[in-house]
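Here are some exercises to work through with the model open beside you. Try each task before you read its solution.

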Amino acid sequence: MRLFLFLSVLFTTISSAQVSYPSTTIKNSLTENANAVVRLDETIVEVSALNKMQVTNHRVITIFKKAGESSIRPYAFYDPNTKLSDIQVLVYGEDGKEIEKIKKKDFHDVSAVDGGTLYGDSRVKIFQYTPTSYPYTIDFSYTYTTPNTAFLPRWVPVDDYMVSTERSVFKMNIAKELKWRFKEKNFTGYPITKKSNESSVHYEMINVPAQKKEMLSPSFQNFEPQLLVALENFHLEGVDGYAHNWSTMGKWQYSNLLVNRDKLPQSTLNFINKELAGIDNNLEKIKRIYEFVQNNTRYISVQLGIGGWQPISAEEVDRVKYGDCKGLTNYTKALLKSQGITSYYSVVHAGPSKLGMEENFAIMQGNHVILNVPNEDGDIWLECTSQDIPFGFLSDFTDDRDVLVITPEGGKIKHTEAYLNDQNLQETKAKIRLNANGDLTAEVSIVTKAIQYDQHSSILQMSVKEKDEYYKEYWDNINGLKITESLIANDKENIELTEKVSLSAQAYVSKIGEDLFFKPNAFNVSNFVPDRYRERKLPFQISRGYTDYDDFIIELPVGYKIDDLPEKVTINTDFGNYEMSIEKLNDTELHYTRKLKILNGEYPKEEYDKYREFRRAIKKSDNLKLILKK
């Protein structure tokens, strides 16, 4: 009996020890608005030498719904110099009891580079778990060691919108002989505690409720708390580096990654000299060289060791006719140098979020490279990886952000060109014919520039079938749309795309009794109205301003006329302007004009309702119906 009681107590004790992270223990304040709750996010960093770092990550997250699964982060990266160990995943049910264990051998091991990469040595271990019910908890831990200390882990204790944080910890110990810097961003208002001395830091944050995402909210990274840490002396793939500021960072990159990589074969130099003979205008030379690169090379990514940061030599790119962003930018730079034209290799954070280089804190940053060519009329920026993009046009991939321009004298921060409201132009013209049976036929012309050009330019690579589907989605306000012809003209010199489309649709005009009803705005209807909030919490952002002009001639059905025309609509706000007017040209034709300008910017939350009213007024006017009588 005593043995039985002893075993029962022992079994109970062991079973109790196995109960971890029950979701029922989470505070109500953390589950409100939360798709997931981070129970623990702990990062421990040990930098014991210039070329020796160990990082241990332990992350426990409770998922309440499918939308929270994107916060699991079920992966760990490694490469020949980054060694993974102690990798394990435990899965707990709602009661905190373990329901599954995923060991290292159960992970999928795949290449960490995309299909456009010719070769690369980065890999990633990924685990998968398919839940049978919610909530459940993932407990993921692993350790890695690396000689690369150019990239110290950063602490970001708040994940994203709709994710709460129960506890986040960041500990870093650094060898006393190493100098280091850190930067705290957006800490105000967060319950963060800090302990630090000359060789270590310890940050902790507890119990931060989820921030509900609101429409048009700024990117979360704009205001999330972050801790950045950097060594002044660091190691990168076998190369020692030094950086105290952006100037010294650029100087190191130039001296260690770019020097002596711009030599070209004499045969190529002879060809370029012959092609440019007699041209005295530097701008024309730059254009011709850029076209030469576009026509004679293609983009292939290379991510191998220091090759992830150092360009392939210009001579090698010339030989194989391909390269990644680094290699093709360096190749273009070398060709320009052959003509006595100075240009600069420039590192950028590419992507639609307009993330710039960290102000006053030099660390290895960026995911892309472009070319800066100073010119008497201002900087020219060249995207060297695209065979189609117009000369001097960056698109929304790299526009309007701070970049690191690397010169022989050191690094400089410059701002790429911003495409603003009036520049992002769309002009739509149409000749519309309405029939008494309800049919519509039309010839439509759409001319786009700058970012609107960029948004429409994907049509250049579409098949006939894809274009047909594209226009049906683009004009989804018209039922039964049939495209009879579409012609596309791409004016790369002026960065202007022209689309000419012939189309028809049945039952566009509706009939009630003897009267006909139709919407005069057939081809640029804006139905966007942002969501309503009882109490808006965040400012709102219009990231891209634009201007639309619409000009339609509408031929009325035979035997029908219009008696009353609506008054002109004019709306002027801090967010933009709208105008719409309809007038008679004669007894059988109407002239519809519309202008919409939206201004980019970040606006206070108190102005949000006014913006909603503006968009509601636009929607109402764009969906106006006219009555035709016999």
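**Exercise 1.** Which strands does helix α10 lie across, and at about what angle does α10 run to β35?

*Solution.* Before starting, note that this is a predicted model, in which local features need pLDDT of at least 70 and side-chain atom pairs count only at pLDDT 80 or more, while totals for chains, interfaces and linings use all residues. Residues are numbered from 1 along each chain as its sequence is written, and side-chain values use heavy atoms, with hydrogens and water left out.

Step 1: find the elements, which are DSSP runs numbered from the N terminus (helices: H or I, at least four residues; strands: E, at least two). Helix α10 covers residues 608-622.
Step 2: look for its contacts, meaning heavy atoms within 4.5 Å. Helix α10 lies across β32 (546-555), β33, β34 (576-584) and β35 (589-598).
Step 3: compare axes, which are lines fitted to C-alpha atoms (for helices over the stretch in contact), with angles from 0 to 180 degrees between N-to-C directions. Helix α10 runs at about 160 degrees to β35.

**Exercise 2.** Work out the strand order of the open sheet and find its edges.

*Solution.* Step 1: apply the pairing rule, by which two strands pair if DSSP finds at least two bridges between them. Eight strands then form an open sheet with mixed pairing, in the order β27-β28-β26-β25-β32-β35-β34-β33.
Step 2: β27 (481-491) and β33 (569-572) each have a single partner strand, so one side of each is left without a neighbour in the sheet.
Step 3: neighbouring strands of this sheet are turned by 10 degrees against each other on average, direction ignored.
Step 4: zoom in on one edge. β27 pairs with β28 (residues 496-505) in the antiparallel sense over 10 bridges, and K482 has S504 in β28 as its bridge partner.
Step 5: add the helix here. Helix α9 (residues 464-474) lies across β25 (425-434), β26 (440-449), β27 and β28, at about 105 degrees to β27.

**Exercise 3.** Decide how many disulfides there are, and explain the case of C325 and C384.

*Solution.* Step 1: a disulfide is a pair of cysteine sulfur atoms within 2.5 Å. The count by this rule is zero.
Step 2: the closest cysteine sulfur to that of C325 belongs to C384, 9.5 Å away, which is too far for a bond.
Step 3: check the surroundings, where buried means under 20% relative accessible area, exposed over 50% and partly exposed in between (1.4 Å probe, protein chains only). C325 is buried at 8%, and C384 is buried too, at 4%.

**Exercise 4.** Find the backbone geometry that departs from the usual.

*Solution.* Step 1: recall the background. Most residues other than glycine have a negative phi, and most peptide bonds are trans.
Step 2: a cis peptide bond joins Y134 and P135, with omega about -5 degrees. P135 sits in the loop between β8 (123-126) and β9 (136-146).
Step 3: N33 has a positive phi, near 65 degrees. N33 belongs to the loop between α2 (28-31) and β1 (36-49) and is partly exposed, with a relative accessible area of 35%.
Step 4: I495 also has a positive phi, near 50 degrees. I495 lies in the loop between β27 and β28 and counts as buried at 17% relative accessibility.
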